[in-house]
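Student: I am new to this structure and would like to be guided through it. May we begin with a single strand and then turn to a ligand?

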Amino acid sequence: MKQVSTVLTIAGTDPSGGAGIQADLKTFQELKSYGMSVITSVVAQNTTGVQDVHHLPIEFIEKQLDSVLTDIPVNAFKTGMIATEDMMRVIHQRMRQQDIYYVLDPVMVATSGDVLINENARDYLRDYLIPLSTVVTPNIPEAEYLTETSITSMEDMKAAAKILVNELGASAALIKGGHLEGHPIDWLYNGDEFYKFTSNRINTTSTHGTGCTYSAAITALLAQENLLLTSIEYAKQFVTSALRYSFSLGHGNGPTNHWGIREESYELKRN
Ligand SMILES: Nc1ncnc2c1ncn2[C@@H]1O[C@H](COP(=O)(O)OP(=O)(O)O)[C@@H](O)[C@H]1O
Ligand SMILES: Cc1ncc(COP(=O)(O)O)c(N)n1
């Protein structure tokens with residue numbers, strides 16, 4: 001029987017397929033990891049925004065976690081949208097017993113501007129989930145909230161990454177620069193050194209699910225025992241290709257293309 005790396009996402013849903021659980025599973029599949037999912041909230045959303053949110057009962061989140069954890073060993077997991085402190089508490093309680101890679105995407109606001117988690121949950125995430133994480137992957141507004149700093153430059157990004165590791169207890173912090181002007185630059189701090197991940201800016205409005213796709217790719221690659229730096233480097237290429245070949249779908253910000261990296265290699269072969 002073939003061995004496979006297993007990855008779990010704990011997050012909210014997107015019926016339009018671009019973000020959340022759906023983006024995560026597509027990314028896991030593309031990167032040849034076996035994807036599993038525990039749903040926290042069912043979100044009625046699409047490329048234009050969030051229409052409604054239905055939170056699952058805590059006991060049911062607990063049951064889904066137990067269904068996975070009592071049956072299948074998990075090599076790495078990520079968390080995305082976790083809307084309430086109660087949800088975070090049960091996830092923290094179950095997952096801290098697992099000594100595995102944890103990618104924490106501190107999802108707070110959708111690309112459309114809709115708020116996805118409540119105020120208390122933000123504080124619980126900072127105090128309890130960050131110290132459990134292998135790497136935390138905030139965008140600029142999320143990093144500003146978590147570190148209580150204002151970020152307008154590379155130096156500000158690096159200072160915030162330092163706070164996330166040295167003061168808030170993450171093993172590593174990757175601050176994503178997509179929201180700043182110019183070419184998007186992400187900074188990783190691992191407690192010792194800073195590492196820079198860059199790409200050209202892709203001129204597209206189809207950015208729905210970019211952060212989900214990036215953190216899911218890092219998780220899938222960590223599960224395959226790649227080093228953190230290698231995982232981020234390849235995940236960055238993956239997300240850049242997903243944006244380069246993104247789809248013009250829907251009436252708002254379209255979704256990224258999870259097989260973009262394959263389009264890229266077809267193109268290389270053709271030329
Ligand atoms: N227009 C773009 N072109 C290329 N890369 C981008 C673009 N926008 C964001 N990125 C990259 O996509 C990833 C997600 O970043 P970001 O948009 O900052 O996060 P989020 O989707 O969580 O708001 C990062 O690696 C960022 O540098
Ligand atoms: C369920 C869910 N989780 C996360 C996001 C954020 O998406 P993005 O990656 O565009 O910031 C979203 N819109 N919906």
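Tutor: This is a predicted model. Thr-6, Leu-8 and Ile-10 point one way from strand S1, while Val-7, Thr-9 and Ala-11 point the other way, and all are buried.

Student: Why do the side chains of a strand point in two directions?

Tutor: In a regular strand, successive side chains alternate between faces, so they point to the two faces of the sheet.

Student: How many of the residues of S1 are buried?

Tutor: S1 spans residues 6-11 and is mostly covered. A residue counts as buried if 20 or more other C-beta atoms lie within 10 Å of its own. In S1 the number of buried residues is 6 of 6.

Student: In which sense do S1 and S2 pair, parallel or antiparallel?

Tutor: Strand S2 covers residues 34-39. Thr-6 has Tyr-34 in S2 as its bridge partner. Helix H1 (residues 20-30) joins S1 and S2 in a right-handed β-α-β unit. Over 6 bridges, the sense of the pairing between S1 and S2 is parallel.

Student: Which residue of S5 is the bridge partner of Val-7?

Tutor: Strand S5 (residues 76-79) pairs with S1 in the parallel sense over 4 bridges. Within S5, the bridge partner of Val-7 is Ala-76.

Student: Which element gives the largest share of the shell around ligand 2?

Tutor: Ligand 2 is surrounded by 18 residues, the closest being Gly-12, Ala-19, Gly-20, Ala-110 and Gly-211. Strand S3 (41-46) and helix H7 (210-223) are the elements that give two or more residues to this shell. The largest share, 3 residues, comes from H7.

Student: How many residues of each class does the shell around ligand 2 have?

Tutor: The shell is divided here into nonpolar, polar and charged residues. For ligand 2 the counts are 7 nonpolar, 10 polar and 1 charged.

Notes: Residues numbered from 1 in each chain as written. Chains lettered and ligands numbered in written order. Predicted model: local features only at pLDDT ≥ 70, side-chain atom pairs only at ≥ 80, totals over all residues. Near = placed C-beta within 6 Å. Nonpolar A, V, L, I, M, F, W, Y, C, P; charged D, E, K, R; others polar. Buried ≥ 20, exposed ≤ 12 C-beta atoms within 10 Å, placed from the backbone. Pairing = 2+ DSSP bridges. Right-handed = clockwise from strand over helix to strand, strands pointing away.
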